[in-house]
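Please open the model in the viewer and display it as a cartoon, with side chains ready to be switched on. The tour below proceeds by selection, one stop after another.

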Amino acid sequence: MDSKGQQAAGGLFDESVAAALRAWHQGLPSRQCVEQYLPRRLEPGRTARGVLGQLRRDLAQYARIRHREDLAAVFECQAARRKSVAPRLQGALNELRALPLPAPLIGDAVDRWFPARIAKVLQAHKIRTLADLTVRTPRRRQWWVAIPGLGEASAREVERFFAANPELTERARALIARDEQGDIVPLERQKPAHELDGSQGRYRAPAQQCLLEATNDLEAVHAWLNLHEAEATRRAYRKEAERLILWAVFERGKPLSSLNTEDATAYRAFQRNPSPQGRWVGKPRPRTSSEWRPFTGPLSANSIRYSLSVLGALFRWLMDQRYVLANPFSGMKVRGSDKTKSLDAGRSFTEGEWTLVRQIADQLEWHPGWSDKAAQRMRFLLDFGQATGLRAAEFVGLKLRAFQTDAQGDLWLHVTGKGDKKGRVAVPPLAMQAVERYLMERGLPVLRASWHPDTPLLASLGEDGGAITGTRLRAITKKFFKTAADIVEVPAVAEKLRTATPHWLRHTHATHALAAGADLTAVRDNLRHASISTTTTYLHGEDRKRANQFAAAFGRRN
C-alpha cells in the first residue's frame, strides 16, 4: 500500500465496508452486498466482485505491512470457505484498525511496502529488499532508467517513501560498508583472503598425503558436512563449524587449520559471552538477511559441551583424512555441564496441562491465524506425537507405507531415526484414531486397504498436499504453543507453553507412558534409546527414587 493508500486507510474501516464484507462472508452474492452497502463504489466499468476483491486485497496488504499474516489470511480466504471464516471477520477488522504502522526495517522485502506493480519490477531486477533498493538506486538522478518497466511515476513513489524514512538510507549504507569489508556472513557466502583460507595453514599435513581434494579449510569442512545425509544433523554441524571459522578469522586473525590448543581454550570462553555483541549476536534471521548473526546470545554450559564435541569430531576426521596434524579440542572440558543428563524431563506436560492443551486445540480454528485445515493438522500432530513419541525430524517425509502389520497382526510404524537407524514404533489406538480422523478431514481413504503408500502422513496446506518441511513443522508447533499461552490464565503454565518445542511431545509421551504403568524397557524400545539410563530420565518422584535404590542394591559385578 502506498503513502496515499495509508492516508486513506480509514476508509477501509467504514461501517459500510464492514457490513458489505459481513454479508459476503455469510454467503450473499457480491452484487447484492455492494448494491446494498457500497452503491457509490459501483462506478462504470467496475463490477461488484471487483469492488469486494479490491477491498479484501487492500485489507490484506494493510495487515501484511503491519507484520500480521494471520489477519491477512482472513481477508484472502477463498470464496468457497468464506462462511467458515465469517466468525473471525469482525474481530480481525477491530484488531487491524487498532494496529499502528510499524517502522520499516532495512531487511524487509520490497513487496511489504510497495504495490505489486512496483514490487514485481524491482524483484525482476534482483532488488528484493529495502537495503538493495536504497543503496543501488535512489541516490542517483533518473535512477529508474536502469530498471526497465518501473517508470518515473513509480520511481517518485519510491523516493517519497525513502524521504519519509531517512534512517533506512544510513542503515543500508552501513550494512553494505560492512559487507564490502568482508564481515560476518554465513558459511556459504564466506570468501576469506588467501592468507586466511587455510591453504597455507600452520598445522596442515603434507598435501601429498592428504586423502581430500580440498585445497582450503572451507572445502575441507564442506566435505565433512557432506558425509551426513540427515538434513537436521548437517544443519546443526554446519552451525558449529561456521561459528568457529568466523571466530578464527575475525577474532584471532588465523584460519581454521592454524588453530592451537590456546585458541580452542579461548573459543570456549568466547562462547560464554560472544562479544562485541553487535558483530556476533542478533535475533534469529534468515541466512540471506543482512542482519543474520552466528549467535542469538551466550551459550549454556551444556551447549558449549555439545559445540566442543562436534568440533572435536570435525578435527578428528580432518586428522583421519590427513588434512591437519592435530586436534586442538582434544581433552577439552566444560565447567558446569552435566554430561549424564542428556534429557530434561521437565520439558513435558503433566496430565492436567495436556488436557488443557488439547481443549485449546479443539477450538483452534476460532482463533485468529488458524484456518480449518491448519487446526485439523495441529490436532493430529498433538495426538499422534503424544501417542507415539516420534521425533519432529521423523515426522518429515513419513508416508503411509510406513504402517506395517507383523505376523501376529500388530500394527507398527517403521521409521528412520537419529544416525539413519531403522526402527519401529508401536501404534496405539489413540494414534490410529488420529490418523483416521486426519485422513478423513483431508478427503482421503480411511481404510488401510485403500491407502496410497506414497501419501504423506503430515501434509502441507497447499493444493498438492505434499509433505511438510522440518522448518515448517517446528514453526507451526511453536505458533500453537504461543497461541495456547496467550489463552491460558495460569501464569506458570503460560510461561511453560511459551518455551515449549515440538520435542516436548516426545517427552510428554514418555512421562505419560511410564506414569500409566508401561514397562521401562518397553518405553526405551519405543523411543529407540540406546541406553535404558536415558529412559529413566522420565521417571518422576517415587518411581525415580525406587529405580535409584534398586540400581544401588543390585549393581554390576566387578
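Begin by selecting Leu 413 together with Val 425, its bridge partner in strand β3. The model under inspection is a predicted one.

**The strands**

Extend the selection to the whole of β3, residues 422-426, and to strand β2. These two strands run antiparallel and are joined by five bridges.

Next, show the side chains of β2, which spans residues 411-416. Which residues of this strand form its covered face, and which its uncovered one? Leu 411, Leu 413 and Val 415 make up the covered face, while Trp 412, His 414 and Thr 416 make up the uncovered face.

Now add strand β1, residues 403-405, which is also joined to β2. Here three bridges connect the strands, and the run is again antiparallel. Select Thr 405 to find one such pairing: its bridge partner in β2 is Leu 411, a residue of the covered face. Between β1 and β2 the hairpin has five residues. Stop at Gly 409 in this hairpin, where phi is positive, near 90°.

**Helix α22 and helix α17**

Move on to helix α17, residues 372-388, and display it with α22. Their axes lie 7 Å apart, and the packing angle is about 50°. An angle of this value is neither under 35 degrees nor within 65 to 115 nor over 145, so α17 and α22 are oblique to each other. Their crossing is right-handed. To see the contact, select Leu 381, Leu 382, Gly 385, Gln 386, Ala 387 and Thr 388 on α17, and Leu 505, Thr 508, His 509 and His 512 on α22. This contact of α17 with α22 comprises four nonpolar and six polar residues, with no charged ones.

**Helix α22 and helix α23**

Keep α22, residues 503-515, in view and add helix α23, residues 520-527. How far apart are the axes of α22 and α23? The distance is 10 Å, and the helices pack at an angle of about 160°. Since angles over 145 degrees count as roughly antiparallel, α22 and α23 are therefore roughly antiparallel to each other. The crossing of α22 and α23 is right-handed. For the contact, select Arg 506, His 509, Ala 510, Ala 513 and Leu 514 of α22, with Leu 520, Val 523, Asn 526 and Leu 527 of α23. Six residues of this contact are nonpolar, two are polar and one is charged.

Finish by centring the view on His 509 of α22, which takes part in the contact with α17 and in the contact with α23.

Technical notes
Residues numbered from 1 in each chain as written. Predicted model: local features only at pLDDT ≥ 70, side-chain atom pairs only at ≥ 80, totals over all residues. Heavy atoms only, no water. Axes fitted to C-alpha atoms, helices over the stretch in contact; angles between N-to-C directions. Helix = DSSP H or I, 4+ residues; strand = E, 2+ residues; numbered from the N terminus. Left-handed = near helix turned anticlockwise from the far one by under 90°. Contact = heavy atoms within 4.5 Å. Nonpolar A, V, L, I, M, F, W, Y, C, P; charged D, E, K, R; others polar. Buried < 20%, exposed > 50% of the residue type's maximum accessible area, 1.4 Å probe, protein only. Pairing = 2+ DSSP bridges.
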